[in-house]
Amino acid sequence: KAVNTDTCDCINTCCLQPMCSCVFALSAVTSILRAWLDQCPEDFREPPDYLCLIKLLDYLKRNIPGSDLERRAQNLLEEFQSQQVENDSKLPFPSAFLLSRTEMEISSPEEFSFFQADRVAEQLTYIDAKLFKKVVPYHCLGCIWSRRDKKENKHLALTIRATISQFNAVTNCVVSTILKDKELKTRQRAKIIEKWIHTAHECRILKNFSSLRAIIAALQSSSIYRLKKTWVCVSKDMMLMFEELSDIFSNHDNYLTSRGLLMKVRISLSCKALMQGTVPYLGTFLTDLIMLDTALQDYTEVI
């Protein structure tokens, strides 16, 4: 039961009665707020004003002045404000690190043929992992991400935009290596497709589901999938591998396969002393969070 601490004489006069319900209520509220600040600090990140955090500070100063909880809230506010100043002056990640569409393009199919599939997968995983580790959790919230297309929100959720830009760059690179050279023969295009399938398989081994999804999406795009004569020249083994990798991202039962695979990877990692990280495909989770934000109200009426 909520307690109005503004009018409660017991709390405002620092009542020390052992059975005072108001003291117990304040203790419970303090415990909840402490856990909230420690475990979910991003919930209070509301630039530029941070109204909720400021209201919390005001409540703590009036009811628990000089407490450790007040200091934690004050430190969190100062941390957010300093980060905002840094973000206003520069991106939260080096801009040179983000690959543009032109930078991801390979000059010729011959050049791509010299690259080993496992090396390409390793480099893609290195980039994706760097970007994923810089993702700010609250940027994924439906209430934040769903507002990204508005003109005034062009600087919103930069860490998510970076992962999506990288995803699109990989997809465009796959398509361009297959279609850019109009002089390529059917069998040559088939070899390039096989190389990308092999690269996707290496990404699967490295648990990089982001680039894996990008490569599969490119190969499933209408511009590539319609090359019937080219696909006939792709070896049976590679076609089987492509079908298995495509099944990972099947939308059957709300992407049950990819969700289950991520869960299996998580369980297997928890059983190993030496842990190898996983780079997930964020698109599925962003869609989930937007749907939750749309379906659930921000506030509920108290009866």
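Let me start with a salt bridge: Asp-38 pairs with Arg-72, and their closest N and O atoms are 2.5 Å apart. Keep in mind, everyone, that what we have here is a predicted model.

So where do those two residues sit? Asp-38 belongs to helix H2 and Arg-72 to helix H4, so this pair ties together parts that are 34 residues apart in sequence. As for accessibility, Asp-38 counts as partly exposed at 45%, and Arg-72 is partly exposed too, with a relative accessible area of 30%.

Arg-72 has another partner. Its side chain also meets that of Asp-68 in a salt bridge, at 2.8 Å from N to O. Asp-68 and Arg-72 are four residues apart in helix H4, which puts about one helical turn between them. Asp-68 in turn forms a salt bridge with Arg-71, this one at 3.8 Å. Those two are three residues apart in helix H4, so again the separation is about one helical turn. A quick reminder from the textbook: an α-helix has 3.6 residues a turn, so residues three or four places apart point the same way. Asp-68 is partly exposed at 34% relative accessibility, and Arg-71 is partly exposed at 46%. Put together, Asp-38, Asp-68, Arg-71 and Arg-72 are joined into one network by salt bridges that share partners. The count of salt bridges comes to six.

Let's move on to the rings. How many aromatic pairs are there? The count comes to six. One of them is Tyr-50 with Phe-80: the ring centres are 5.8 Å apart and the planes are at 20°, under the 30 degrees cut-off, so this pair is stacked. Tyr-50 lies in the loop between helix H2 (21-39) and helix H3 (51-63), while Phe-80 is in helix H4 (residues 68-89), so the pair ties together parts that are 30 residues apart in sequence. Both rings belong to buried residues.

Now compare Tyr-225 and Trp-231. Their ring centres are 5.8 Å apart and their planes are at 55°, so that pair is tilted. Here Tyr-225 counts as partly exposed, at 42% relative accessibility, whereas Trp-231 counts as buried, at 10%. There is also a cluster in which ring pairs link Phe-167, Phe-249 and Tyr-281. Over the ring of Tyr-281 sits the charged end of Arg-213, 5.6 Å from the ring centre.

On to the interior. In soluble globular proteins, nonpolar side chains tend to be buried together. In this model the largest nonpolar core has 35 residues, and those with the most contacts inside it are Ile-178, Trp-196, Leu-212, Ile-215, Leu-219 and Trp-231. Which elements give two or more residues to this core? They are helices H7 (117-133), H9 (158-179), H10, H11 (209-220) and H14 (236-248). A second, separate core has 16 residues, among them Tyr-50, Leu-53, Leu-57 and Ala-73.

Take Leu-212 as an example. Setting aside neighbours within four places in sequence, Leu-212 is in contact with Ala-200, Cys-203, Arg-204, Leu-245, Ile-248 and Phe-249.

Last stop, helix H10. With 20 residues (186-205) at 1.5 Å a residue, H10 should span 28 Å, and its end C-alpha atoms are 29 Å apart, which agrees. Its buried residues include Ile-192, Ile-193, Trp-196, Ala-200 and Cys-203, but also charged ones such as Arg-189, Glu-194, Lys-195 and Glu-202. After H10 comes Lys-207, whose phi is positive, near 60°. Thanks for listening!

Methods: Residues are numbered from 1 along each chain as its sequence is written. This is a predicted model: local features need pLDDT of at least 70, side-chain atom pairs count only at pLDDT 80 or more; totals for chains, interfaces and linings use all residues. Side-chain values use heavy atoms; hydrogens and water are left out. The expected span of a helix is 1.5 Å times one less than its number of residues. Buried means under 20% relative accessible area, exposed over 50%, partly exposed in between (1.4 Å probe, protein chains only). A nonpolar core is a set of buried Ala, Val, Leu, Ile, Met, Phe, Trp, Tyr and Cys residues joined through side-chain atoms within 4.5 Å. Contact means heavy atoms within 4.5 Å. Rings of Phe, Tyr and Trp (its six-membered ring) pair if their centres lie within 6.5 Å; planes under 30 degrees apart count as stacked, over 60 as edge-to-face and the rest as tilted. A charge sits over a ring if NZ of Lys or CZ of Arg is within 6 Å of the ring centre and within 35 degrees of the ring normal. A salt bridge is a side-chain nitrogen of Lys or Arg within 4 Å of a carboxyl oxygen of Asp or Glu.
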